[in-house]
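Student: I would like a close look at one part of this model. Please take a single strand and describe what surrounds it.

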Amino acid sequence: MKKDSVKCIVVLSAICLICAAILAAVNHITAPIIEENKIRAVEQSLKAVLPDAGDFESLELTDDIPKTVTGVYRDTKSQAFAVTLETVSSYSKSPMAITVAISHEGKILDTEITNYSETKDFVDYPDRYIGKDSSLSGVDTYSGVTISSTAFKGAVGDAFEAINLLSGGPSKEESALIAVLPEGAELEELLVSDTMPETVTGIYRDAKGSGYAVTLETSSDYSTAPMAITVGISADGVILGIEITNYSETKDFGAFPDSFVGKGEDLSDIDLVSGVTYSSQAFKNAVGDAFKAFKEVQGE
């Protein structure tokens, strides 16, 4: 009986080793083929969005590039860019893969979806982006696939962000800091203390004395990602400007952020936005938190 048990163990071990060797051999054969197919698929998508391109130069992705970006390529002929991206929504069965072509003047030339697993098609939705600049002004989400179209729009925004960063431009966060304070402000980063609201991620003072910029992250029960906000507050406690650097809701705020400009700490007369009441309340609360941080650094 004991000899039979030992024999079974030896046989089973041999079978496992043989199976492992076969799998390793199959992987060794198929891995290069899979990789070659991926490369070919990328090349096809680049040609689809830039059909008249010459050669494509692959740019090295830096650590500050949005995580949705999988590749950035420059056409050596026209100097246009093609950006490949992968993004997901809460209903995605697999990542949505997108290729976006952007001219050197900063306008979208074409978009191509190379992987899409939603039950309802986008139809002509990607075509609405053609001719748009980085503001993506006038492009709304798509009814029936609002969450996926929001993810698509966010990815297209990330394509612009990647090109900007690789071209030596400021990040969205840096641009927001510049936008919410008077031109020529010289920013000095201050310490975010433990007593400041948890939404506060950074606070900066203009060395010239014009005011402060506060960066915040907040979310609501329906947010798919944190909403990032930068608030500029003058030295005498008036909102100078507000910029949203990350927003993932299906309905836009419209002019809601602009209604805060010129306001002081009392925000009670600012109404919430119908359709995004939870998110607009979170936004309003975050602006209130910016004032709390502002008052703390002023010693109030």
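Student: Which residues of β9 lie on one side and which on the other, and are they buried or exposed?

Tutor: The model is predicted, and what follows is computed from it. On one side of β9 are Met227, Ile229, Val231 and Ile233. Ala228, Thr230, Gly232 and Ser234 are on the other side. All of these residues are buried, and both faces of the strand are covered. Counted along the strand, 8 of the 8 residues of β9 are buried. Here buried means under 20% relative accessible area.

The strand belongs to an open sheet of 5 strands with the order β6-β7-β8-β9-β10 and antiparallel pairing. The edges are β6 (187-190) and β10 (239-246), each of which pairs on one side only. On average, neighbouring strands in this sheet are turned by 20° against each other, direction ignored.

Within that order, β9 has β8 and β10 as its neighbours. Towards β8, the antiparallel pairing is made by 8 bridges. One bridge pair is Leu216 with Ile229 of β9, and Ile229 is also one of the buried residues named above. Towards β10, the pairing is again antiparallel, over 6 bridges. There, Val231 has Ile242 in β10 as its bridge partner. The connection between β9 and β10 is a hairpin with 4 residues between the strands. Gly237 sits in its turn and has a positive phi of about 85°.

At the β6 edge, β6 pairs with β7 (residues 200-206) in the antiparallel sense over 4 bridges. Glu189 has Tyr204 of β7 as its bridge partner.

Two helices also meet the sheet. Helix α4 (residues 277-297) packs on it and touches β6, β7, β8, β9 and β10. The direction of α4 makes about 45° with that of β9. Helix α3 (residues 172-179) lies across β6, β7, β8 (211-218), β9 (227-234) and β10. Its direction is at about 170° to β10.

To collect the surroundings of β9: the strand is bridged to β8 and to β10, it is touched by α4, and α3 lies across it. Its two faces, one with Met227, Ile229, Val231 and Ile233 and the other with Ala228, Thr230, Gly232 and Ser234, are both covered.

Notes:
Residues numbered from 1 in each chain as written. Predicted model: local features only at pLDDT ≥ 70, side-chain atom pairs only at ≥ 80, totals over all residues. Heavy atoms only, no water. Pairing = 2+ DSSP bridges. Axes fitted to C-alpha atoms, helices over the stretch in contact; angles between N-to-C directions. Contact = heavy atoms within 4.5 Å. Buried < 20%, exposed > 50% of the residue type's maximum accessible area, 1.4 Å probe, protein only.
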